[in-house]
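I open this notebook on a single chain and want to record what I look up, beginning with its charged pairs and moving on to strands and cores.

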Amino acid sequence: MQEVGAGFEHPGRAHQAQAPRSIASNDLDIKGRIWRAVKSGSPRARFIVRLIALALVVSVSLLAFASDTTRVRQLTNAVPEIDFLASIAGFGLDQVTVKGNRITLASEIYEALELDESRSFVSFDAASARARIEALSWVASVSFRRVYPNQLDVTVRERQAFAVWRMGRSLSLIDDEGRVLSPIEETAAHSQLPRFAGKGAAKEAAFLWADLKGHPAIRQRMLSAERFGERRWSLSLNNNVVIHLPNSGATTALAQLESWPGFEGYMNNGSTIIDLRAKGRIVVRPNRAIGPTSSGARSIADLLDRPG
């Protein structure tokens, strides 16, 4: 079987050059002789042999399994000669092309197809192959198309990296569904992607990012967001500002914060922790010790006259 495809070199993964390879065969010598006879015979002889083979395959399939394609595949797996006859009849699966993969290695896709067990389109289980390919981390979906007479085109749609997720000391790229795409090193982290951390953060990251779209002044300053107790977020902004969000009603709390007259001043001055966890209240405290007389947490009323 001829395989055609190209991989995309990704940080942390070895690029594997793709080369044509043949399927290992344990067929009896008689099969080889029959096949060579078909290939070398006259067009009329080839037509007759293929017609006979097609008739045998169709007859056995219809008689024994009443068009149940799953059971037909079971039969061809149990009786390899039927798969061989299907190949002669024009249902052979001899060439595969892979398209659409930029990061997923073509060799991973070929392996997931498991074509060593399927020599024809009759025995090829597309549903099972699709499930195996879509289980690959970067693959979102896959489609198959037969190109007459003996070629299978495999088209892959890959997932898009949405964010960087930190769990403990491990960094991973995730998509907007929270699916882990691949581990990455700190030095290879994508600076243009938002960062999230903590248990449960991957699954909730896209929802938070969508909520922050309505608060551009905060979203544009966000360096990372950490999930605590799988219930709430804390946002780390540039200028050493941290915002603790409540378990629920985060967008309402952020709207109240942005409408507060001192909001811009604290954003610009920095080094501040803004706690929104208590409903209807905003508590502000310094994010680092200012001096020996610092009194720690204070209410908004105590801070309204702060310059800026």
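Entry one, charged pairs. I looked up Arg 277 and found that it forms a salt bridge with Asp 275, with the closest N and O atoms 2.6 Å apart; a salt bridge here is a side-chain nitrogen of Lys or Arg within 4 Å of a carboxyl oxygen of Asp or Glu. Arg 277 counts as partly exposed because its relative accessibility is 40%, whereas Asp 275, at 11%, counts as buried; buried means under 20% relative accessible area, exposed over 50%, and partly exposed in between, with a 1.4 Å probe and protein chains only.

I note that this is a predicted model, in which local features need pLDDT of at least 70 and side-chain atom pairs count only at pLDDT 80 or more, while totals for chains, interfaces and linings use all residues. Residues are numbered from 1 along each chain as its sequence is written, and side-chain values use heavy atoms, with hydrogens and water left out.

Entry two, Arg 159. Which residues form a salt bridge with Arg 159? Asp 175 does so with its closest N and O atoms 2.7 Å apart, and Glu 177 does so at 3.2 Å. Glu 177 lies in the loop between E6 and E7 and Arg 159 in the loop between E4 and E5, 18 residues apart; helices (H or I, at least four residues) and strands (E, at least two) are DSSP runs, numbered from the N terminus. Asp 175 is buried, at 3% relative accessibility, and Arg 159 is buried as well, with a relative accessible area of 14%. I count ten salt bridges by this rule, and I also found Lys 99, Arg 145 and Asp 153 linked in a network of them.

Entry three, the hairpins. Strands E6 (residues 170-174) and E7 (residues 180-184) pair in the antiparallel sense over four bridges, where pairing requires that DSSP finds at least two bridges between two strands. Ile 174 stands opposite Val 180, and among the five residues between these strands Gly 178 takes a positive phi near 85°. E10 and E11 also run antiparallel and are joined by four bridges, with Leu 235 partnered by Ile 243; in their hairpin, which has three residues between the strands, Asn 239 takes a positive phi near 70°.

Entry four, E11 and its surroundings. On its other pairing, E11 is joined by four bridges to E12 (residues 272-275), and these two run parallel, with Ile 273 as the bridge partner of Val 242. Both faces of E11 are covered, since Val 241 and Ile 243 on one side and Val 242 and His 244 on the other are all buried.Entry five, the cores. The largest nonpolar core has 31 residues, and those with the most contacts inside it include Leu 235, Ile 243 and Leu 257; such a core is a set of buried Ala, Val, Leu, Ile, Met, Phe, Trp, Tyr and Cys residues joined through side-chain atoms within 4.5 Å. Helix H7 (201-212) is one of the elements that supply at least two residues each, and the largest share, six residues, comes from H7. Leaving out residues up to four places away in sequence, I found Leu 257 touching Ile 218, Ile 243, Phe 263, Ile 274, Leu 276 and Ile 282, a contact being heavy atoms within 4.5 Å.
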